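Here is a short briefing for a reader new to this structure. Please look over the sequence and the model before reading on.

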Amino acid sequence: MALTNPVDSMPMGPWKITVYDQEYFQGRRMEFTACCQNINDFCMETVRSLKVECGAWVGYEHSSFCGQQFVLEKGDYPRWEAWSGSNAYRIERLMSFRPVYSACHKDSRMMVYERELFMGRQWELCDDYPSLQAMGWFCNEVGSMQVQSGAWVCYQYPGYRGHQYIMECDCHGGEYKHYREFGSHAQTFQIQSIRRIQH
């Protein structure tokens, strides 16, 4: 069953994801080309494996795009470890997901700030940074950020590890004034690695 964008929803584009209710691409299977706010609405209990066939997506631990976030770029995800990687704790399911509409790996720019509300020292990013501190950022926290173009995934720890936060230029107008706007699961300003989302 393929689901497409309603006329009045987000822009049409090359997005396609196939989800399965069992690990290793087994069990009930569904294809999506648009947001899924709650997989239960489609008679599936949870998503335990998936294939991203086109575009970049973000998956969420809970329905209504809440909880831990996971960037899902083109490829196969046979089990939960494939999308959660070295996250801070084990998450074996996804309940909602949506396309990352602003992903543009070649043209991505973001400004990070020392303190909330775009105050203090600032630094412009246009590349991937496996360790912000190693590249010159002075601490292990980012107070606020503005995404000028593209989409980014920020990680709690160096080496793209820990909690993930997806930052886009079309969400909040690209402005994230405080860590509480990084995601519903954010509990700290700690961000130590950042990379562009592939499309």
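The points below go from the whole chain to selected residues.

This is a predicted model. The chain has 199 residues, and 50% of them are buried. It holds one helix and 15 strands.

**Whole chain**
- Among contacts with a separation of 6 or more, 69% join residues 24 or more positions apart.
- The exposed area of the chain is about 9,200 Å². Carbon and sulfur atoms supply 48% of that area.

**A hairpin: strand 9 and strand 10**
- Strand 9 covers residues 109-115, and strand 10 covers residues 119-125.
- The two strands pair in the antiparallel sense, over five bridges.
- Val112 stands opposite Trp123, a residue of strand 10.
- Three residues lie between the strands of this hairpin. Leu117 takes a positive phi there, near 60°.

**Gln164, a residue in strand 13**
- Strand 13 runs over residues 161-168 and includes Gln164.
- Gln164 counts as buried because its relative accessibility is 6%, while the cut-off for buried is under 20%.
- A polar atom of the Gln164 side chain lies 2.9 Å from the backbone nitrogen of Val71.
- Val71 is also on the contact list of Gln164, which leaves aside neighbours within four places in sequence. Gln69, Phe70, Trp83 and Ser84 are among the other residues on that list. So are Val153, Cys154, Tyr155 and His185.

**Aromatic rings**
- The whole structure contains 13 aromatic pairs.
- One of these pairs is Phe32 with Phe97, in an edge-to-face arrangement. Their ring centres are 5.1 Å apart, and the planes meet at 85°.
- This pair links distant parts of the chain, 65 residues apart. Phe32 belongs to strand 3 (residues 26-32), and Phe97 to strand 8 (residues 96-99).
- Both Phe32 and Phe97 are buried.
- Phe32 and Phe97 belong to one aromatic cluster together with Phe42 and Trp57.

**Charges over rings**
- Lys51 lies over the face of Phe25, at 4.6 Å from the ring centre.
- Arg121 sits over the face of Phe138, and here the distance to the ring centre is 3.6 Å.
- Arg121 falls within strand 10 (residues 119-125), the strand that pairs with strand 9.

Key:
Residues numbered from 1 in each chain as written. Predicted model: local features only at pLDDT ≥ 70, side-chain atom pairs only at ≥ 80, totals over all residues. Heavy atoms only, no water. Pairing = 2+ DSSP bridges. Helix = DSSP H or I, 4+ residues; strand = E, 2+ residues; numbered from the N terminus. Buried < 20%, exposed > 50% of the residue type's maximum accessible area, 1.4 Å probe, protein only. Contact = heavy atoms within 4.5 Å. Areas by Shrake-Rupley, 256 points an atom, 1.4 Å probe, with all protein chains shown as cover. Polar contact = N/O pair within 3.5 Å; in protein donor to acceptor, adjacent residues only side chain to side chain. Phe/Tyr/Trp six-rings, centres within 6.5 Å; stacked < 30°, edge-to-face > 60°. Lys NZ or Arg CZ within 6 Å of the ring centre and 35° of its normal.
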